[in-house]
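Hi there,

Here is the structure I promised to hand over. Please have a look at it first, and then read on for what turned up in it.

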Amino acid sequence: MEPEVLSSSLRGGTILTVAKGVSGMTDTSRPQSRTRWDPSQYQRFEAERDRAAQDLLARLPADMNPREIWDLGCGAGQHAIQLKRSHPEAAVHGLDSSAAMLDRASAAGPDVDWRLGDLAQWRPEVPADLIFANASLQWVPEHAALVPRLAQSLAPGGVIAVQMPMAHESLQHTLMRDVGGQGPWADCLTGVGTIRPLLSPEAYYDLLARDCADIDIWSTRYLHVLRGPDPVLEWMKGTALRPYLSALQDDAATSAAFLSALGARLAEAFPACPDGATLLPFPRLFLVARRR
Ligand SMILES: C[S@@+](CC[C@H](N)C(=O)[O-])C[C@H]1O[C@@H](n2cnc3c(N)ncnc32)[C@H](O)[C@@H]1O
């Protein structure tokens, strides 16, 4: 599978592509997905999405003095930029498989080393002092291998900080899969993967405990207060629906029909409150650990 085509209008920071042979990445480190991300749609609910990232950043050890920081699945780059501000002496790298996301990131943060690549294949050139991964690892399979490999990419004393939505079994995802499996779009959507189920918190503890100490694992169930028409559908169009919309991108009529059918089911399942708000319960899992 191929990465999105890099935009020719990059400004600010430099994006290095795997194809150009970035050191530390092999030619096989290509993004695994054809999913097309849309930074503007993703950022429509920026305040709600950012809350969990800030809660994760607040739990980083206060005594850290990182020199090598990686934001894996950095998206539009706001957290890599925030980490650069907090640690101006550090080399901060933002890795993402979406050129569209990195295009937005590089325009906002010239002081970060933006990289196009697949985090499933990532190996740092030098051991990392901080690996930050907010709302990205749930897109990558085989956590039983991935999590220990990330922990082993840390320098001694280095910190890994991860946040992942526990959304796979949620009502909105169940409806997305149900609707996706019925109707004229079903054949096109067969086999299209979206976010994956997570392991249990205890399993993540066991995986981290092999190499790390000071393991801090918790979950938070946010109650997002969304407004506007079809807010749950619009929320999902920014994230979980990206692979579905990418699969249907050459058939606008079928894509619109699918979204309309899903929107109707979501509106029924998430009715508006008397004040017009729609409440979206959203549990998230947090992992912070320090390499021994
Ligand atoms: C929900 S967004 C989160 C972005 C950012 N971390 C934030 O908190 O705003 C998920 C990001 O993970 C990226 N992503 C998904 N799979 C990836 C992979 N295998 N390698 C690198 N990035 C990936 C997507 O391109 C997307 O930008």
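How many nonpolar, polar and charged residues does the shell around the ligand have? The shell divides into 11 nonpolar, 9 polar and 2 charged residues. In total, 22 residues surround the ligand, and the closest are Gly73, Gly75, Ser98, Leu119 and Trp139. Please keep in mind throughout that this is a predicted model.

**The chain as a whole**

The chain has 292 residues, and 44% of them are buried. Its secondary structure comes to 11 helices and 8 strands. If you take the contacts between residues at least 6 apart in sequence, 79% of them join residues at least 24 apart.

**Gly77 and helix 4**

Gly77 sits in the loop that runs between strand 2 (68-72) and helix 3 (78-86). Is Gly77 buried or exposed? Gly77 counts as buried because 27 other C-beta atoms lie within 10 Å, and the cut-off for buried is 20 or more. Setting aside residues up to four places away in sequence, Gly77 touches Gly94, Arg104, Ala105, Ala108, Gly109 and Val112. Met101 is 24 residues from Gly77 in sequence, yet their C-alpha atoms are 7.8 Å apart in space.

Helix 4 covers residues 99-108, and 8 of its 10 residues are buried, so helix 4 is largely enclosed by the rest of the structure. The buried residues are Ala99, Ala100, Met101, Leu102, Asp103, Arg104, Ala105 and Ser106. Two of these names, Arg104 and Ala105, also appear among the contacts of Gly77.

**Two helix pairs**

Two packed helices are described by the angle between their axes and the distance between the axes. Both pairs below are given that way.

- Helix 5 (residues 143-152) packs on helix 8 (residues 201-209) at an angle of about 40°, with the axes 9 Å apart. At that angle, helix 5 is oblique to helix 8. The crossing of helix 5 past helix 8 is right-handed. Helix 5 contributes Ala144, Val147, Pro148 and Ala151 to the contact, while helix 8 brings Tyr204, Leu207 and Leu208. By class, the residues of this contact are 7 nonpolar, no polar and no charged.
- Helix 6 (residues 171-180) packs on helix 11 at an angle of about 145°, with the axes 10 Å apart. Helix 6 and helix 11 also make a right-handed crossing. From helix 6, Leu171, Gln172, Leu175, Met176 and Val179 meet Phe258, Ala261, Leu262, Arg265, Leu266 and Ala269 of helix 11. The contact of helix 6 with helix 11 divides into 9 nonpolar residues, 1 polar and 1 charged.

**Two loop residues**

Trp185 is in the loop between helix 6 and helix 7 (186-189). Why does Trp185 count as buried? The reason is that 22 other C-beta atoms lie within 10 Å of Trp185. Apart from its neighbours within four places in sequence, Trp185 is in contact with Gly180, Leu248, Thr254, Ala257 and Phe258. Phe258 is also one of the helix 11 residues that meet helix 6. Along the chain, Trp185 and Asp251 are 66 residues apart, and their C-alpha atoms are 9.5 Å apart in space.

Ala277 belongs to the loop between helix 11 (252-269) and strand 8 (278-291). Ala277 has 14 C-beta neighbours inside 10 Å and therefore counts as partly exposed. Beyond its neighbours within four places in sequence, Ala277 is in contact with Val225, Leu226, Arg227 and Ala272. Arg227 is 50 residues from Ala277 along the chain, and 5.1 Å separates their C-alpha atoms.

**Two backbone angles to look at**

Most residues other than glycine have a negative phi. Which phi values do we find at Ala135 and Asp214? Ala135 has a positive phi near 60°, and Asp214 has a positive phi of about 50°. Ala135 is placed in the loop between strand 5 (128-134) and helix 5, whereas Asp214 is found in strand 7 (residues 212-226). Their surroundings are as follows: Ala135 is buried, with 23 C-beta neighbours inside 10 Å, and Asp214 is partly exposed, with 13 other C-beta atoms within 10 Å.

Happy browsing, and best wishes!

Conventions. Residues numbered from 1 in each chain as written. Predicted model: local features only at pLDDT ≥ 70, side-chain atom pairs only at ≥ 80, totals over all residues. Near = placed C-beta within 6 Å. Nonpolar A, V, L, I, M, F, W, Y, C, P; charged D, E, K, R; others polar. Helix = DSSP H or I, 4+ residues; strand = E, 2+ residues; numbered from the N terminus. Buried ≥ 20, exposed ≤ 12 C-beta atoms within 10 Å, placed from the backbone. Contact = placed C-beta atoms within 7 Å. Axes fitted to C-alpha atoms, helices over the stretch in contact; angles between N-to-C directions. Parallel < 35°, antiparallel > 145°, perpendicular 65-115°, else oblique. Left-handed = near helix turned anticlockwise from the far one by under 90°.
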